[in-house]
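Let's take a look inside this protein together, from its enclosed spaces to its cysteines.

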Amino acid sequence: MTEAQASAGRRDGAGTGRSAPGTPCWVSLMAHGLAATQEFYGALFGWEFRPGPEQLGPYARALLDGREVAGIGQLPPGRQLPIAWTPYLATDDADATAEAVRHCGGTVGVGPITAGRAGRMAIASDPTGAVFGLWQAARHLGSAVTRVPGAPAWNELVTRETASVVTFYETVFGYTDEAVVSADYDHLTLHVEGHPVASVHGVGDALPRDRGPHWMTYFEAADVDDAAARVVELGGQVVQPPREGPHGREATVADPEGAVFTLVRSTGAHG
């Protein structure tokens, strides 16, 4: 994943600082207990927080060594939505991309709305129900750092089979893909301008019934085993214990509210 990770925050070539359209540029979590959730991730990743746009309620941006890496917001009282990390895919026109999502069989659940002076956003889902965000950057360009411990490392769509959904993403975002040629491994990498930015993994009947198709956010960890143990100490749980995966040493864990994410020590990422 080393080359792929290097492109995870890929910016355009026009000097605007914006991520190239289709690139995952931000990850965000909506939780019930904002303060407790910040405490968990602060202890796990060393994040500090400052207030962000509050168009959808209380929201804070997480900082790693002073640089923005992720966002955590608070769900309105009584809203029983799934607690999950959501990647935001860059777009130059959130309204046009939202219309393309609808035209291609997806759903737009929120927006597009303007988030103060930060940018314009929407929350959508693909035809299988996997939720993702759209981000049209203004002042807020997205994650300022990737591939270092405590920062986002990668995003992967976990779905039943890649063939049934990849056409949606290619049509809406203009991705090209590179498949793993294997009879028993359904996996492909999505590219923007020839650079890998995300992946799609078809897991068949291994897809969690309680979650369905979903985007998985990977966070870099200096030591995956230690970080997984720390998750448990902080009130979370280990969903899949540390193991050697295709991207490096990894473990799938959940925070105290049940938001699932993967810890990864990417091959060659730390020098």
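## Cavities, a buried threonine and two cysteines

The model holds two cavities of 30 Å³ or more (a cavity is a set of points on a 1 Å grid over the protein atoms alone where a 1.4 Å probe fits but cannot get out). This is a predicted model, in which local features need pLDDT of at least 70, side-chain atom pairs count only at pLDDT 80 or more, and totals for chains, interfaces and linings use all residues. Residues are numbered from 1 along each chain as its sequence is written, and side-chain values use heavy atoms, with hydrogens and water left out.

The second largest cavity encloses about 40 Å³, a volume being the space filled by probe spheres set on the points. R18, S19, A90, T91, D92, W135, A137 and L141 line this cavity, where lining residues have an atom within 4 Å of a point.

T23 sits in the loop between α1 (2–6) and β1 (24–31), with helices (H or I, at least four residues) and strands (E, at least two) taken as DSSP runs. The T23 side chain comes within 2.8 Å of the backbone oxygen of A20.

What is the disulfide count? The structure has zero disulfides (pairs of cysteine sulfur atoms within 2.5 Å). The C25 sulfur lies 20 Å from the closest cysteine sulfur, that of C104, which is too far for a bond.

Here is how these residues rank for accessibility (buried is under 20% relative accessible area, exposed over 50%, partly exposed in between; 1.4 Å probe, protein chains only):

| Residue | Relative accessible area | Class |
|---|---|---|
| T23 | 0% | buried |
| C25 | 5% | buried |
| C104 | 24% | partly exposed |

Key. On a 1 Å grid over the protein atoms alone, a cavity is a set of points where a 1.4 Å probe fits but cannot get out, and a pocket is an open set with protein on both sides within 12 Å along at least five of seven lines; lining residues have an atom within 4 Å of a point. A polar contact is a pair of N or O atoms within 3.5 Å; within protein, one must be able to donate a hydrogen and the other to accept it, and residues adjacent in sequence count only if both atoms are side-chain atoms.
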